[in-house]
Amino acid sequence: MDKVEVKIIFMVFMFSIAFWGVREATAAGPEFHGFMEFAYGPKVSDDHTKRDDFNLLEQRLQLKTKYLFEGDGFFARKNSSLNFKGDFTVDEYFFGKTDFELRELNLSTTLVDWFDLKAGRQILTWGTGDYLFINDLFPKDYVSFFIGRDDEYLKKPSDALKMSFYPSLANVDFVISTFESNTTAKGDRLSFFDSFQGGIAGVNSDRDLLEPPLQLSNLEYALRTYRNLGSHEAAFYYFRGFDKNPTSYQDEAARQLFYPRLDIYGTSLRGPAASGIGNIEFGYTNSREDSNGNNRLIANSLFKVLTGYEKDLGNDFKIGLQYFYEQTLDYGQYKESLLPTDFVFDESRHLLTQRITKLYKNQTVSITLFNFYSPSNKDGYVRPMVSYHVSDQWKATLGANLPWGEDDLTEFGQMKRNKNVYVRFR
Amino acid sequence: MRTIKMLFAVSLFFLASFSQELSFAQDELSASDIIAKSRLAFYYAGDDMKARVRMELINKNGQKRIRELTMLRKDDQDGGQPSSAEASEGRQKYFMYFYQPADVKDMTFMVTKYTDQDADRWLFIPAIDLVKRIAANDKFSSFVGSDFTYEDVSGRNPAEDTHTFLRNDKLNGKDCFVVESIPKQPSEYAKRISWIDATNFLPLKEEFYDKQNELYRQFEAGEIKEIDGISTIIQRVVKNLKSGHRTEVSFEEIKYNLGIEDDVFSERYLRRPPLQWIK
């Protein structure tokens with residue numbers, strides 16, 4: 001089937017469910033909520049991106065509204081709501097470019113007692129990590145993360161059908177979505193390690209990222225089964241789709257990268273431990289296009305584990321610690337298949353994170369320090385932040401993004417020239 | 001002589017029973033019983049409850065912040081007797097849906113409270129579709145920045161304090177028992193003094209003293225209404241006397257014994273608030 005055709009069919013199907021609802025929604029004026037925000041993030045280093053002196057300067061208007069069905073129509077009886085959220089931005093980084101991002105437009109309904117449906121554009125999250133994701137393959141925006149936008153913008157919306165089943169034994173979420181890549185550094189706003197350029201690159205990067213075309217066989221499927229065991233929560237995950245990062249090479253000469261197919265099998269457990277909250281999560285990623293690992297152009301299968309602990313020390317002071325381990329499987333085959341000129345990536349990665357949060361003045365002042373540190377990669381990323389709720393309507397935030405690293409090709413090391421300090425007012 | 005002895009004994013008997021008549025109920029009720037009954041009346045009224053809660057957080061300069069939410073509560077078991085040590089005793093579930101302020105609108109918060117272990121707390125942040133587990137071992141953390149602690153919101157196990165009856169008193173024309181409670185383990189406060197209504201056992205006033213025996217926090221009940229046959233405090237205020245910050249709370253649209261289903265208190269409804277209860 002033709003790409004455009006499938007796209008149209010899927011969109012029409014999803015949004016027709018949403019608009020079937022709109023028809024029932026009466027003309028009662030919706031109540032809009034939202035905020036306006038100004039954000040500025042100067043930086044010091046010249047890294048050959050579009051601008052040397054800042055990587056964040058924008059104004060944003062977010063509007064959201066929700067329509068709860070009333071009366072005795074079909075959707076009212078099914079406890080339904082229509083949800084909308086959109087962001088208008090004026091981005092000075094791109095010389096005042098105006099943009100609109102539709103973050104949510106979906107219909108949420110309980111069709112049967114044991115079955116919920118959410119159709120349309122929506123934000124999706126699951127898993128137990130704090131800024132670390134193993135079984136959550138929903139799209140993320142790491143550019144927003146590294147320039148200091150609100151955490152909300154780390155998550156990108158998916159165009160999806162989310163079906164939730166509630167039999168007595170366990171709950172099941174099943175999501176069908178179209179492919180949406182992670183937004184990662186590509187040289188215009190954030191410099192990064194570009195293997196084609198042989199080092200950290202800015203606007204000189206000219207990679208061609210090939211997304212899987214929109215067709216039925218490229219839909220993604222994500223499944224989560226979860227239940228409570230006393231105070232603990234156990235979950236199993238399955239994902240079938242694509243890597244969200246362009247990790248693999250299609251055509252080296254043409255500098256083409258693509259998002260390889262993968263399956264992920266995972267599990268997690270979260271609950272009280274040692275008078276805090278503990279969590280552990282595993283994932284096995286099967287790189288379907290290179291499952292035995294001997295194609296040097298395609299990322300290998302991976303094993304990942306993460307464990308964390310959070311404790312409330314009293315007086316609005318909290319501390320959270322995480323350990324993350326990632327191992328490339330079939331590393332021998334990978335090493336053997338490499339060409340002498342290839343960059344060599346390590347077999348395993350250890351990553352530690354720590355989050356400290358302290359609130360002051362009736363929780364109007366919040367100080368957070370989040371720290372990534374990898375002893376194996378010899379890199380890290382420090383994210384300090386102070387925010388002050390001047391009133392219910394005004395909030396000022398001051399923070400910094402300080403990635404560092406000995407090498408240029410590691411996860412945070414490649415970001416080291418993007419250090420910034422930012423302020424936000426909303 | 002014998003008759004005199006008899007007469008003396010009989011008169012003593014009458015005197016004893018007479019004085020018993022005169023005294024308040026504290027002769028039948030120990031200080032612990034009063035606190036236990038008060039906890040039942042205040043935190044366990046009805047089998048379940050729904051209320052629209054409006055909190056005004058006011059700093060010493062008079063600046064106001066607003067928190068507005070719908071609260072659902074369901075008791076698995078009533079509070080029981082303080083001496084009973086059944087594990088599930090007094091277990092309650094709370095569900096909260098926030099309307100205000102704008103940055104927490106549509107957030108939901110769920111608590112399973114136990115009397116013998118830390119509560120389970122979940123927070124749902126809709127902007128990122130995230131269900132967060134909240135570490136809950138500090139019961140004296142401020143609830144949403146107010147002067148109420150988590151313990152104020154969901155109650156304290158009476159067995160955690162040693163209670164002493166101080167006196168009978170009148171507060172705003174109401175007969176009260178005054179009870180002193182001293183924590184058995186080091187706690188946020190060193191001493192609490194409670195004025196408890198002698199007829200409906202609602203706490204009318206509580207004073208919290210620190211280690212220096214200084215009054216630093218005070219709870220006062222405002223208007224009390226009969227709702228579905230249950231005496232209910234619909235206005236309350238907590239003042240922090242050290243910072244000058246205070247929180248005024250009003251409960252509206254209160255209803256008891258609605259038959260709220262158990263499954264409302266689950267991740268399903270945390271992610272998708274139960275519209276029939278929050279509309």
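A hairpin is a friendly place to begin: in this predicted model, 5 residues lead from β21(A) into β22(A). The two strands, β21 covering residues 379-389 and β22 covering residues 395-405 of chain A, pair in the antiparallel sense over 9 bridges. To find your bearings along the ladder, look for Val386(A), which stands opposite Leu398(A) in β22(A). From there you can step across to another strand, since β22(A) is also joined by 6 bridges to β23 (residues 420-425) of chain A, and this pair runs antiparallel. Leu398(A) is again a handy marker, for it stands opposite Val423(A) in β23(A). When you look at such strands on screen, it helps to remember that side chains in a regular strand alternate between the two faces of the sheet.

Chain A has another hairpin to visit. Here β13 (residues 248-251) and β14 (residues 256-258) of chain A pair over 3 bridges in the antiparallel sense. Between β13(A) and β14(A) there are 4 residues, and in that turn Arg255(A) has a positive phi of about 55°. On the ladder itself, Asp251(A) has Gln256(A) of β14(A) as its bridge partner.

This hairpin is part of an open sheet of 3 strands in chain A, ordered β10-β14-β13, with mixed pairing. Where does the parallel part come from? It comes from β10(A) and β14(A), which run parallel and are joined by 3 bridges. Asp208(A) stands opposite Gln256(A) in β14(A), and Gln256(A) is the residue we just met as the partner of Asp251(A). The edges of the sheet are β10 (208-210) and β13 of chain A, each of which pairs on one side only. On average, neighbouring strands of this sheet are turned by 40° against each other, direction ignored.

Let us now go inside chain A. The largest nonpolar core has 23 residues, and those with the most contacts inside it are Leu56(A), Val143(A), Phe146(A), Ala185(A), Leu190(A), Phe192(A) and Met415(A). Elements that each supply at least two residues of this core are β2 (54-68), α3 (142-147), β8 (192-194) and β9 (199-201) of chain A. Of these, α3(A) gives the most, with 3 residues. Phe192(A) is a good one to click on: leaving aside residues up to four places away in sequence, it touches Ala185(A), Gly187(A), Ile200(A), Ala201(A), Gln414(A) and Met415(A). Apart from this core lies another, of 21 residues, among them Phe138(A), Ala222(A), Tyr237(A) and Ile264(A).

Next, follow chain A to the loop between β15 and β16, where Ala274(A) lies. Ala274(A) is not a glycine, yet has a positive phi of about 45°. Ser275(A) lies in the loop between β15 and β16 of chain A as well, and its phi is near 50°, a positive value in a residue other than glycine. Are these residues buried or exposed? Ala274(A) counts as exposed because it has 9 C-beta neighbours inside 10 Å. Ser275(A) is exposed too, with 12 other C-beta atoms within 10 Å; the cut-off for an exposed residue is 12 or fewer.

The strands around that loop also bring us to chain B. The contact between the chains takes 33 residues from chain A and 29 residues from chain B. On the chain A side, the elements that give two or more residues are β1 (33-42), β15 (261-273), β16 (276-287) and β17 (302-312). The greatest share comes from β17(A), with 3 residues. By type, the chain A side divides into 7 nonpolar, 15 polar and 11 charged residues.

Over in chain B, the helix α2 (residues 31-43) deserves a look. At 1.5 Å a residue, its 13 residues should span 18 Å, and its end C-alpha atoms are 18 Å apart, which agrees. How enclosed is α2(B) by the rest of the structure? It is largely enclosed, because 10 of its 13 residues are buried. The buried residues include Ile34(B), Ile35(B) and Ala36(B), and also Asp33(B), Lys37(B) and Arg39(B). They pack against β7 (161-171), β8 (174-183), β9 (191-197) and β10 (203-209) of chain B.

One last stop in chain B is the peptide bond between Gln100(B) and Pro101(B), which is cis, with omega about 0°. You will find Pro101(B) in the loop between β3 (92-100) and β4 (108-113) of chain B.

Methods
Residues are numbered from 1 along each chain as its sequence is written. Chains are lettered from A and ligands numbered from 1 in the order in which they are written. This is a predicted model: local features need pLDDT of at least 70, side-chain atom pairs count only at pLDDT 80 or more; totals for chains, interfaces and linings use all residues. Two residues are in contact if their C-beta atoms, placed from the backbone, lie within 7 Å. Ala, Val, Leu, Ile, Met, Phe, Trp, Tyr, Cys and Pro count as nonpolar, Asp, Glu, Lys and Arg as charged, and the others, Gly among them, as polar. A nonpolar core is a set of buried Ala, Val, Leu, Ile, Met, Phe, Trp, Tyr and Cys residues joined through C-beta atoms within 7 Å. A residue is buried if 20 or more other C-beta atoms lie within 10 Å of its own, exposed if 12 or fewer, and partly exposed in between; C-beta atoms are placed from the backbone. Two strands pair if DSSP finds at least two bridges between them. The expected span of a helix is 1.5 Å times one less than its number of residues. Axes are lines fitted to C-alpha atoms, for helices over the stretch in contact, and angles run from 0 to 180 degrees between N-to-C directions.
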